[in-house]
Amino acid sequence: MANLDTLVNDISGLTLLETSELVKLLEAKLGVSAAAPVAAAAPAAGGGAAAPAAEAKTAFDVILKTVDPAKKIGVIKEVRAAVAGLGLAEAKALVEGAPKTVREGVTKEEADEIKKKIEAAGGTVEVK
């Protein structure tokens, strides 16, 4: 049990980017996926009624696609501003590793605001 306690302490000390890399390594090593399973939609009852239109998406991901090398510092600053608690080294690694997800599950308005700021700083952003 002492080994597990040590492992938990080591993992809890990792940064967000280090944790992400750990997950990827474990997925590759164990041949599994950490993605949450997606439930299939139930068919509409009654048969006579047309299926309702797909629900409007409420959570969006902000993905940094590319960065103008001459403007990398400005993009790093905007990424740090967009992600709470992200240190300079983590933000630099995220920007240099583009394409990478900057934020997940944000509102459309917040995603658009982040996109506008990062693109003004010299990055190319996609909102999904």
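## Words to start with

When the residues around a pocket are sorted by class, Ala, Val, Leu, Ile, Met, Phe, Trp, Tyr, Cys and Pro count as nonpolar, Asp, Glu, Lys and Arg as charged, and the others, Gly among them, as polar. Keep that in mind for the pocket further down. Also keep in mind that what you're looking at is a predicted model.

## The overall layout

Let's begin with the parts list. The protein has five helices and three strands. Starting at the N terminus, they come in the order α-α-β-α-α-β-α-β. The chain has 128 residues, and 18% of them count as buried.

Here is where to find the pieces along the chain. Helix 1 covers residues 2-12, and helix 2 covers 16-30. Strand 1 takes up residues 60-67, and helix 3 takes up 72-82. Helix 4 spans 88-96, while strand 2 spans 100-106. Helix 5 runs over residues 108-121, and strand 3 over residues 123-127.

## A greasy spot at the start

Which residues make the nonpolar surface patch? They are Leu4, Leu7, Ile11 and Leu14, and the patch comes to about 330 Å². Leucine 7 is a handy one to click on: this residue sits in helix 1. Leucine 7 has a relative accessible area of 46%, so it is partly exposed.

## The largest pocket

Now for the pocket. The largest one has a volume of about 360 Å³. Its lining is made by Leu16, Leu17, Ser20, Lys24, Val83, Leu86, Leu94, Lys100, Thr101, Val102, Arg103 and Glu104. Going by class, that gives six nonpolar, two polar and four charged residues.

Which element gives the most to this lining? Strand 2 does, with five residues. Helix 2 and strand 2 each supply at least two residues of the lining.

## Salt bridges around helix 2 and strand 2

Across the whole structure there are 10 salt bridges. One of them pairs the side chains of glutamate 21 and lysine 100, at 4.0 Å from N to O. Glutamate 21 belongs to helix 2 and lysine 100 to strand 2, so this pair ties together parts that are 79 residues apart in sequence.

Are these two partners buried or exposed? Neither, quite: glutamate 21 is partly exposed, with a relative accessible area of 39%, and lysine 100 is partly exposed too, at 24%. The pair also has company, as Glu21, Lys24 and Lys100 are linked in a network of salt bridges. Two members of that network, Lys24 and Lys100, turn up in the lining of the largest pocket as well.

## Salt bridges at the C-terminal strand

Another salt bridge joins the side chains of lysine 65 and glutamate 126, with N and O 3.0 Å apart. Because lysine 65 is in strand 1 and glutamate 126 is in strand 3, the pair ties together parts that are 61 residues apart in sequence. Lysine 65 is partly exposed, with a relative accessible area of 30%, and glutamate 126 is partly exposed at 27%.

Glutamate 126 has another partner: lysine 128 forms a salt bridge with this residue, and their closest N and O atoms are 3.9 Å apart. Lysine 128 counts as partly exposed, at 44% relative accessibility.

## A cis bond before strand 2

Most residues other than glycine have a negative phi, and most peptide bonds are trans. The bond that joins alanine 98 and proline 99 is cis, with omega at about 10°. Where does proline 99 lie? Look in the loop between helix 4 and strand 2.

## Two pairs to trace in space

To finish, here are two pairs you can follow by eye. Lysine 77 is in helix 3 and is exposed, with a relative accessible area of 58%. Lysine 77 and valine 95 are 18 residues apart in sequence, and their C-alpha atoms are 10.0 Å apart in space.

The other pair is glutamate 113 and alanine 82. They are 31 residues apart along the chain, and 9.5 Å separates their C-alpha atoms. Glutamate 113 lies in helix 5 and is partly exposed, with a relative accessible area of 35%.

Definitions and conventions:
Residues are numbered from 1 along each chain as its sequence is written. This is a predicted model: local features need pLDDT of at least 70, side-chain atom pairs count only at pLDDT 80 or more; totals for chains, interfaces and linings use all residues. Side-chain values use heavy atoms; hydrogens and water are left out. Patches are made of residues with over 30% relative accessible area and no salt bridge: like charges are joined within 9 Å, nonpolar side chains (Val, Leu, Ile, Met, Phe, Trp, Tyr) within 5 Å. Accessible areas come from the Shrake-Rupley method with a 1.4 Å probe; for residues, only the protein chains shown count as cover. Helices (H or I, at least four residues) and strands (E, at least two) are DSSP runs, numbered from the N terminus. Buried means under 20% relative accessible area, exposed over 50%, partly exposed in between (1.4 Å probe, protein chains only). On a 1 Å grid over the protein atoms alone, a cavity is a set of points where a 1.4 Å probe fits but cannot get out, and a pocket is an open set with protein on both sides within 12 Å along at least five of seven lines; lining residues have an atom within 4 Å of a point. Grid points are joined across faces, edges and corners, and a volume is the space filled by probe spheres set on the points.
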